[in-house]
Amino acid sequence: MSETILDVDGLSVDIATPRGALHAVRDISFSVKRGETLCLVGESGCGKSMTSLAIMDLLPKAATRTARRLTFADEDLGKASRKRVNALRGDRMAMIFQEPMTALNPAYTIGNQLVEAYRQHRNASEAEAREQAVHLLDKVGIASAAQRLGQYPHQLSGGLRQRVMIAMALMCGPDLLIADEPTTALDVTIQAQILRLLADLQRELGIAMVLITHDLGIVARIADRVAVMYAGQIVEEGPTASLFANPRHPYTQGLIDCIPVPGRTVPGGRLGTIPGVVPSLVGEIRGCSFRDRCSHARDICAATVPLKETADGHQWRCILENAV
Amino acid sequence: MTALLEAHDLTRSFEVSQGMFKARRKLHAVNGISLDIRKGEVLGIVGESGCGKSTLARMLLGLLPPTEGGITLDGTDIRSLGRKGMARRVQPVFQDPYSSLNPRRTVASIVALPLEVHGIGTAAERRKQALGILDKVGLPQRFADRYPRELSGGQRQRVAIARALVMNPEVVVCDEPTSALDVSVQSQILNLLMDLRRDLGLTYVFISHNLAVVEHIATRVAVMYLGRVVELAETEALFRTPRHPYTKALLASVLTPEPGQGIPETGLGLAFPDPLNPPSGCPFHPRCPARISQCSTTVPRLLQFGRDAVACHLHDAGQSIPSPSDDGATMRHSLPLPQKRKQSE
């Protein structure tokens, strides 16, 4: 079970703006194996959603994707035809979006929407497709699944809609699941239920999962490995336990210090902060993009930043060996 | 501590259209809430979407009249204070700093507007006062003549806080003040709110769905569910020994950044709270893993435990209070304790 499903090397996404190219994603590399969950974590504008759209070839028109290598199950996505990508997407590569109300079509029943992609990809009969839909709704914990097929998205609660989205993503038995902030729009109790469901299904079906979130709490609980993004780059990547126990990049350290943790941070005490704002990603960017906000910055940070690595595959881009 | 702002049996219902030919239905957004907000405290109000926490906030601000019940400020009915009199003493900070600031006004004039409305001082004095308060919330003078679109989310929220404070209010009602912000900005705003409270002796009502944030900032917490307060307790006690099964589930759902603990099982099942069709009896009973027979028939009353209160039949006199071991494996709640991921069945 260590087969690499997704291999990304040197992926960049540039968006044309009137002021020049905006480098939304800058030369990022990562891979995900079968049965593994990789979390991309970062704050708004760090490029995490653009990364997922680039992999799925769903970028907006103004954006261009370049990569040294972008392979899905050893197939080169960079060279694949539009037809081939369309065949893979929704079949072997599936995606779950943040807001199930906008991702589902309000004019069709959920049955229609579940069945559509399956018939498209599998050339199956209506009856077979419905059987698969009932099977999956059942699997994502929706009771009386057969009756639910006739319902419209607005008749379901937010938690149920997200379960339908998950069922839809799993209809064709994908090898790769990309979940972009799948629980951000949900209440906390529902969030816990949906994440448990995702984690259980991912383990049971041996899917490779890329989960995109801004929430370090989710990351800690679900990820096997974590990639921390800042200003379009992966600034740190490593096994979850190692990254949380020993964050090497000052940005990762700063993020962890910002979060109040019941039982750990002192109630009413001061929380850590990261001063300053994210730099503009338009035009040429040199050196470490975090240096203006970093308390450890030195002159050398304006030059190229070294990529460091430990034996257990924990990597970070910083002149420091250890964040203090 | 004396009660500064008090809600007495507050109820607010809305008439909701069900479509052209169907009768309108009553939605009880807030259903008989009594609360006292004491001088100098931070009362956290937590609950999920649709539980009525924002409706409660708007009533506490005097922006929405209650259908039944009333609110007093220092013992005076707020209806006799009038909108302006109320605004001098109770001010809001809303969730979205993108929609709560007038895009056509500069930062200084946004902050000075309450003074203008109340006819306080000359234009020059108002500006001076606005600049003073902007400085207090960490926005230097150079921001004064900028427009909201030129500011980041965190800076906008600072402007909203400055506007709330320029009238020297006693109470600030913060409705999800950090929910739209990134975590690194959230921590700055939380630090700021705590500094301001200490420096200016403010009282906060702090509404949030984020339990970790509430634990950090609140001194007392009210847990709301479908328009009712189901538990009210000092923050430390609530997080250490929650009494209501819903509070337990909420606390169990907090995902702290601690690897290896897995994702908690809340034990809540698939029922979903629908404010338009509230269940009979205890509003939480369809989701409650610890429900007993009377939960579906009788609305539990709010029981006082010293200064704390809980509305749950399990804690009512005559009922045997389940010992912790009866709580069931799914109800482990206290946050600092390790919660092992349950193996998938």
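**Entry 1: contact between the domains of chain B**

I looked up how domain 1 of chain B meets domain 2 of chain B in this predicted model. I found that four residues of domain 1 of chain B are in contact with six residues of domain 2 of chain B. On the domain 1 side, I noted three nonpolar residues, one polar residue and no charged residue. For the bounds, I took the domain assignment of chain B, which gives domain 1 as 3-11 + 30-218 and domain 2 as 243-331. I then looked up the separation of the two domains of chain B: their centres, taken over C-alpha atoms, are 31 Å apart.

**Entry 2: the nonpolar core**

I next turned to the largest nonpolar core, which has 197 residues. The residues with the most contacts inside this core are B:L60, B:V111 and B:V205. I asked where the core lies with respect to the domains of chain B. Domain 1 and domain 2 of chain B both give residues to this core, so it lies between them.

I followed B:L60 further and set aside its neighbours within four places in sequence. The remaining contacts of B:L60 are B:L5, B:A7, B:I71, B:V90, B:V173 and B:V205. I noted that B:V205 is also listed with B:L60 among the residues with the most contacts inside the core.

**Entry 3: chain B against chain A**

I looked up the contact between the chains and found 42 residues of chain B in contact with 46 residues of chain A. Which helices of chain B each supply at least two residues of the side that touches chain A? I recorded helix 6 (183-200), helix 7 (211-217), helix 8 (235-240) and helix 9 (245-252). Helix 6 of chain B gives the most to this side, with eight residues. By residue class, the side of chain B that touches chain A divides into 20 nonpolar, 17 polar and five charged residues.

**Entry 4: a sheet of chain A**

I then examined an open sheet of chain A, formed by eight strands in the order 7-8-9-3-10-11-13-12. I recorded the pairing as mixed. The edge strands are strand 7 (93-96) and strand 12 (307-309) of chain A, each of which pairs on one side only. Neighbouring strands of this sheet are turned by 20° against each other on average, direction ignored.

I followed the edge at strand 12 of chain A. Strand 12 pairs with strand 13 (residues 315-317) of chain A in the antiparallel sense, over three bridges. I looked up A:K308 and found its bridge partner in strand 13 of chain A to be A:W316.

How values were computed: Residues are numbered from 1 along each chain as its sequence is written. Chains are lettered from A and ligands numbered from 1 in the order in which they are written. This is a predicted model: local features need pLDDT of at least 70, side-chain atom pairs count only at pLDDT 80 or more; totals for chains, interfaces and linings use all residues. Two residues are in contact if their C-beta atoms, placed from the backbone, lie within 7 Å. Helices (H or I, at least four residues) and strands (E, at least two) are DSSP runs, numbered from the N terminus. Ala, Val, Leu, Ile, Met, Phe, Trp, Tyr, Cys and Pro count as nonpolar, Asp, Glu, Lys and Arg as charged, and the others, Gly among them, as polar. Two strands pair if DSSP finds at least two bridges between them. Axes are lines fitted to C-alpha atoms, for helices over the stretch in contact, and angles run from 0 to 180 degrees between N-to-C directions. A nonpolar core is a set of buried Ala, Val, Leu, Ile, Met, Phe, Trp, Tyr and Cys residues joined through C-beta atoms within 7 Å. A residue is buried if 20 or more other C-beta atoms lie within 10 Å of its own, exposed if 12 or fewer, and partly exposed in between; C-beta atoms are placed from the backbone. Domain bounds come from an automatic or database domain assignment.
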